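Colleague: I'd like to learn how to read the features of a model like this one. Could you take me through it piece by piece?

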Amino acid sequence: MIKLPKDKIFNNEFITTYQQNVKDFVFHKRGGINFFHHSFSADEISSGELINCISMDPFSRDGLNSKNEYFLKDYYEFSNFLLYSNHYLNIIKTQFTIKKGSNYKKNLMNERVFIINKFRRNDILKHLGIDNPSITKNEKNYLEFHNKIKGEFKRNNANIAKLFDYNDFMRSQDNIRNNILENIKVIICPYCNRQYIDIYSYEGKVKSIAQIDHFFPKSIFPLYSLSLLNFVPSCSHCNCIIKKDKLFPWVSVYANNPLDEKYFYVNYHNVNGLYGDTNSFNLRISPQKKEDINNSIFFRHQEIYENHKDEVSVLLKKRLIFNEGYKNSIEQLLSNKITEHEFKFMIFGVTGNDSDYLTIPLSKLKNDILKS
Ligand SMILES: [Zn+2]
C-alpha cells in the first residue's frame with residue numbers, strides 16, 4: 001500500500017559497509033555465476049560494480065558496463081515474467097466476477113496475450129519459445145509454458161543460490177538483520193500501514209520486532225537474496241500469514257518519487273454518515289492503478305480495514321467539530337499561529353504529509369479521508 005522513497009532509505013555509510021560485507025562473503029565462497037548465456041567468474045562478481053549493484057539495487061542498473069547490465073536486465077525480465085505470470089494464474093482470475101461464458105474466456109485470453117507481449121522481446125524467453133502462438137490459446141498451454149520457464153529459471157539459479165545464501169550471510173555478520181531494519185527507518189509496516197514494526201535498543205544492542213520480507217522471494221529469486229532494495233520491513237501478519245513466499249503483484253515497494261495516490265474512500269448513505277454514524281457510510285478501497293487494485297486484493301485490505309470503521313467514525317466527527325473556527329480560537333488562546341500540519345496532528349494524529357506513512361499507523365486511511 002505504501003511505497004517507500006529510495007533516497008530516504010539507508011544512509012551512504014551503511015550502504016558502503018554492507019556492499020563490502022557482501023563482496024567479502026561472496027568472494028569467500030569462490031563460486032561463479034552461470035545464467036543461460038551469461039557467465040561470470042568469482043573474481044568478476046566480487047571485483048566491484050556488479051556486486052555493488054546486486055547488493056544494493058539490481059533493479060535500476062544505472063551506469064553499469066554492458067556485460068553486467070545485460071545480465072541483470074535478463075534476470076530481472078525473467079523474474080518479472082514469472083511474477084506477472086504467477087499473478088495471472090493466482091489472482092487475476094478472481095477479479096472477473098462472472099466466471100462463465102465467452103467474456104470470461106476472452107478476458108483471460110487478453111490477459112495471457114498482454115503478459116506474453118510484454119516479455120516477448122527478451123532474448124532468453126524468445127529462445128525458450130515465447131513467440132509460439134499456441135501458448136496464449138488456452139489455459140493448459142499457458143500453464144505448460146509457465147511451468148517450463150519456471151523450471152528453466154530454477155535450474156539456472158542453482159549456483160547463484162549457493163553464492164547469495166541469505167541465512168549463511170546473516171549468520172556470518174554480527175546483528176546485521178537488526179542493523180538493516182534500523183537503517184530502513186520505517187516503523188510502520190508498508191504492506192498494511194497498521195502495525196508497528198519497532199526497532200529498539202536493549203543492553204547496547206539494536207533489536208527489532210519487525211520481519212524482513214524479501215519482496216522477490218529468496219527461494220525463487222536467489223540473486224536478490226541480499227539486495228537491500230529487495231528487503232521490506234513488515235509486520236508478521238503481512239509477511240508470515242499473507243505474503244509468505246508468494247509472488248507479489250507490485251513491481252517494487254521502493255520508488256524514486258512515490259506518488260501519494262488516493263486509496264480509501266467513504267460512501268455516505270445519508271446525512272447521518274457525515275456525522276460518523278457507522279451504519280450510514282461504507283469504507284471503500286478503490287485505487288486507480290491496476291497494480292494497486294491487485295495489491296488490495298492480495299493483502300485483503302477491504303476486509304481488514306472494515307475493522308477500522310470506528311476510527312473513521314471518530315475522524316468524521318472530529319472533522320466537523322474541530323473546524324477552522326476552532327483553530328482560530330486555539331491560536332487566540334495561545335497568542336500564536338499554528339500551521340495546518342500542526343493543527344491536523346493535534347486533532348487527528350496525522351500531519352497530512354507523505355512522511356506520516358513511515359511512522360504513524362493508519363495514516364494513509366486518515367489522510368485520504370481528511371482530503372475528501
Ligand atoms: Zn503489515
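Modeller: Sure, and let's begin with contact, which means heavy atoms within 4.5 Å. With that in hand, look at helix 1 and helix 3: Ile15, Tyr18, Gln19, Val22, Lys23 and Val26 of helix 1 meet Ile51, Asn52, Ser55 and Met56 of helix 3. By class, that contact of helix 1 with helix 3 divides into six nonpolar, three polar and one charged residue. Keep in mind that this is a predicted model.

Colleague: Why would residues three or four places apart point the same way?

Modeller: An α-helix has 3.6 residues a turn, so residues at that spacing point the same way.

Colleague: At what angle do helix 1 and helix 3 pack?

Modeller: Helix 1 (residues 12-29) and helix 3 (residues 49-56) pack at about 115 degrees, and their axes are 9 Å apart. Angles of 65 to 115 degrees count as roughly perpendicular, and helix 1 and helix 3 are therefore roughly perpendicular to each other. Their crossing is right-handed.

Colleague: And how do helix 15 and helix 19 pack?

Modeller: Helix 15 (residues 309-321) and helix 19 (residues 363-371) have axes 11 Å apart and pack at an angle of about 40 degrees. That makes helix 15 oblique to helix 19. The crossing of helix 15 and helix 19 is right-handed. On the helix 15 side the contact is made by Val312, Leu315, Leu316 and Arg319, and on the helix 19 side by Leu365, Lys366, Ile369 and Leu370. Sorted by class, the contact of helix 15 with helix 19 has six nonpolar, no polar and two charged residues.

Colleague: Let's move to burial. Is Met170 buried or exposed?

Modeller: The cut-off for buried is under 20% relative accessible area. Met170 has 15% relative accessibility, so it counts as buried. Met170 lies in helix 9 (residues 166-172). Leaving aside residues up to four places away in sequence, Met170 touches Ile176, Arg177 and Ile180. The C-alpha atoms of Met170 and Leu226 are separated by 9.4 Å, though these residues are 56 apart along the chain.

Colleague: Arg177 came up there. Where is Arg177, and how does its accessibility count?

Modeller: Arg177 sits in helix 10. Its relative accessibility is 31%, so Arg177 counts as partly exposed. Setting aside residues up to four places away in sequence, Arg177 touches Tyr166, Met170, Ser208, Ala210, Gln211 and Ile212.

Colleague: Which residues of helix 10 are buried?

Modeller: In helix 10 (residues 176-184), the buried ones are Ile176, Asn178, Ile180, Leu181, Asn183 and Ile184. Helix 10 is followed by Lys185, which has a positive phi, near 60 degrees.

Colleague: Now the strands. Which way do strand 6 and strand 7 run?

Modeller: Strand 6 (residues 211-214) and strand 7 run antiparallel, joined by four bridges. Asp213, for instance, has Val232 in strand 7 as its bridge partner. In strand 7 (residues 231-234), Phe231 and Pro233 point one way and Val232 and Ser234 the other way, and all are buried.

Colleague: How many helices and strands are in the protein?

Modeller: The protein has 19 helices and ten strands. Of its 372 residues, 49% count as buried. The C-alpha trace spans about 70 × 65 × 35 Å along its principal axes. Of the contacts between residues at least 6 apart in sequence, 68% join residues at least 24 apart.

Notes. Residues are numbered from 1 along each chain as its sequence is written. This is a predicted model: local features need pLDDT of at least 70, side-chain atom pairs count only at pLDDT 80 or more; totals for chains, interfaces and linings use all residues. Side-chain values use heavy atoms; hydrogens and water are left out. Buried means under 20% relative accessible area, exposed over 50%, partly exposed in between (1.4 Å probe, protein chains only). Helices (H or I, at least four residues) and strands (E, at least two) are DSSP runs, numbered from the N terminus. Axes are lines fitted to C-alpha atoms, for helices over the stretch in contact, and angles run from 0 to 180 degrees between N-to-C directions. Angles under 35 degrees count as roughly parallel, over 145 as roughly antiparallel, 65 to 115 as roughly perpendicular and the rest as oblique. A crossing is left-handed if the near helix is turned anticlockwise from the far one by less than a right angle, and right-handed if clockwise. Ala, Val, Leu, Ile, Met, Phe, Trp, Tyr, Cys and Pro count as nonpolar, Asp, Glu, Lys and Arg as charged, and the others, Gly among them, as polar. Two strands pair if DSSP finds at least two bridges between them.
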